[in-house]
Amino acid sequence: MNTQDYIKNILDSANIKTSGFDMLRRDELYLTVSAADFAGTCSLMHKKLDSPVMTFFAEDLREASGVFALYCGFLSLQTRSWIFVRQNIAQDDPAFDSLAKNIYSASLFEREIKEMFGIMPSGNPDLRRLKLHDEVWPEGYYPLRKDFIAPRDLPAPGPAYRFKRVEGEGIFEIPVGPVHAGIIGPGHFRFSSAGEPIVNLELRLGWTHRGIEKLLEGMDTSEAVKIFERVSGDTAFGYSLAFCRSAEKIFGIDVPVRAQLLRVIYLELERLYNHANDMGGIALDVGFSFPAQFASLIKESILQLNQKISASRYLKGINAVGGILQDIDKNKAVIIREALGKIEKDICSLEDMLLTSVSFMDRVDATGILRANTARDLGITGVAARASGIALDLRKALPGIYDTLSFAAAKEHAGDVASRLRVRIAESKESFSLISQSLEKLSSCSPEIKATGQVKEGIAFGYVEAWRGAVLVWMRLDRDGKIARCKIVDPSFHNWDALSFAVLGNIIPDFPLCNKSFDLSYAGNDL
């Protein structure tokens, strides 16, 4: 059954009528429903597709249509496609019925919509700000509205941010951050502890908010690629690829097969160096110094390989709308094979060091457990999800070049630090295989690495299974091909909340270990 018939049957079963039913592409379906049916339709998609809210955002269309628009996106594994439920909201009554009452994974998105657009999610019990902190931003300013004017003055001092309080005999609070030792980003962690075990952890993020979605407005796509490479520096290639895919859809570009294979190689190299870094980080946080330093050498080897084949250690300046700017010829293919042969052996040695160490495994087994039901409710993606038994991997779930390659998606069930480590090891081994297969196919490909298309207006959804998880980019281009609205979702946006559940019952000294096993992005979350 195709996507349209499948979704129509679901809607008919609930007697829901749509005013718009648009299959824009083979993997993108948009349903427009009334305000009265919006929450019900989203709940129906959530249950029938067994999908969390993958993205949820607003768009200011007041100048053209006199409305705001809401889009709530779900993933249909059954039809290998994305389903967007859309509702128009009158500009003189900017409010909608909260989804978060029934779908927890909508909660953070609704808080974001309220603070960025001033659209009220009626019934949402938690409307605290996420990124526009009260100490800096006065009330009544909504940056993603088209008529936004930045405030000139700081707000008057108001009440302090309301952390959730845990009270009782023996309970005490430990505030940590937002400024930390080392070179990690800023984030405030408020622990409530009863003796050693953590009974509550609340996170306050948004300290590195850069207004990237606003910054992108009015840019053409060639300029925007450079911005996307800097959304989260450790995912420069993944972000630029997700963006390029959304632009290529709008322009109707068929990316040459060679460029698609090259993108696989670069994306897997990005996964490899980050997974090596995390394996070493987990070892370092339990004081297992030798494998930690060994992992640093592995990461450095991959970064040097990146430099040799692309002139960029972090794989910048490679993606372009329509394809790739850095080809891999026969000489570079030899360099890659030789380097990865050694790196693969080193990864296996690192695996042996870690998984055969009784003292190390004693620290990571059953530490920081994220249970599958919690992970599903939160809408967790990526490594953290696959370590908790959720086998979602966009490389497998959706059509694309990965369909022509052979690999197994990693999956563990325990949801602890050890599981997240094992997922990274398994994925690294699959990355070696994927790169090898892609290099083999390159030898029989045409030399084209870039195609062009007609610049035009439209909307499209780009997505990538990056090393940390799903990177999602929804975009509207105006008639001049400039960005009118761009919504970005980093896997950390979903996954930071998971950390606050995974640490419960663990001792505070194990928090850095739990935190590193997720390795989330401050910059990608804060945008």
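## Cavities, cysteines and aromatic pairs

In the second largest cavity, the lining residues divide into five nonpolar, two polar and three charged. This is a predicted model. The second largest cavity encloses about 60 Å³ of space. Its lining is made up of Val383, Ala384, Arg420, Arg424, Trp467, Arg468, Asn495, Ser517, Phe518 and Leu520. Three elements give two or more residues to that lining: helix H13 (382-387), helix H15 (417-442) and helix H17 (511-518).

The structure has two cavities of 30 Å³ or more. The largest cavity has a volume of about 70 Å³. Tyr104, Ser105, Ser107, Leu108, Phe109, Leu378, Phe493, His494 and Asp497 line the largest cavity. Here helix H4 (107-117) and helix H16 (491-502) are the elements that give two or more residues. By class, the lining of the largest cavity holds five nonpolar, three polar and one charged residues.

Next, the cysteines. A search of the whole structure turns up zero disulfides. For Cys42, the nearest cysteine sulfur belongs to Cys72 and is 4.0 Å away. A disulfide needs the two sulfur atoms within 2.5 Å. Cys42 is therefore in no disulfide. Is Cys42 buried or exposed? Cys42 counts as buried because its relative accessibility is 0%. Cys514 is likewise buried, with a relative accessible area of 0%.

Aromatic contacts come next. The structure holds 24 aromatic pairs. Two of them are set out here.

| Pair | Centre to centre | Angle between planes | Class |
|---|---|---|---|
| Phe38 and Phe56 | 6.2 Å | 35° | tilted |
| Tyr71 and Trp474 | 4.9 Å | 40° | tilted |

The pair of Phe38 and Phe56 links distant parts of the chain. Phe38 sits in helix H2 (residues 35-48) and Phe56 in strand S3 (residues 55-61), 18 residues apart. Both Phe38 and Phe56 are buried.

The pair of Tyr71 and Trp474 also links distant parts of the chain. Tyr71 belongs to strand S4 (residues 67-76) and Trp474 to strand S14 (residues 470-477), with the two positions 403 residues apart. Tyr71 is buried, as is Trp474.

Which residues do ring pairs link into a cluster? The cluster consists of Tyr30, Phe57, Tyr71, Trp82, Phe84, Phe461, Tyr463 and Trp474.

Charged side chains also lie over rings. Lys8 lies over the face of Phe21, 5.1 Å from the ring centre. Arg190 lies over the face of Phe163, at 4.1 Å from the ring centre.

Note on methods. Residues are numbered from 1 along each chain as its sequence is written. This is a predicted model: local features need pLDDT of at least 70, side-chain atom pairs count only at pLDDT 80 or more; totals for chains, interfaces and linings use all residues. Side-chain values use heavy atoms; hydrogens and water are left out. On a 1 Å grid over the protein atoms alone, a cavity is a set of points where a 1.4 Å probe fits but cannot get out, and a pocket is an open set with protein on both sides within 12 Å along at least five of seven lines; lining residues have an atom within 4 Å of a point. Grid points are joined across faces, edges and corners, and a volume is the space filled by probe spheres set on the points. Helices (H or I, at least four residues) and strands (E, at least two) are DSSP runs, numbered from the N terminus. Ala, Val, Leu, Ile, Met, Phe, Trp, Tyr, Cys and Pro count as nonpolar, Asp, Glu, Lys and Arg as charged, and the others, Gly among them, as polar. Buried means under 20% relative accessible area, exposed over 50%, partly exposed in between (1.4 Å probe, protein chains only). Rings of Phe, Tyr and Trp (its six-membered ring) pair if their centres lie within 6.5 Å; planes under 30 degrees apart count as stacked, over 60 as edge-to-face and the rest as tilted. A charge sits over a ring if NZ of Lys or CZ of Arg is within 6 Å of the ring centre and within 35 degrees of the ring normal.
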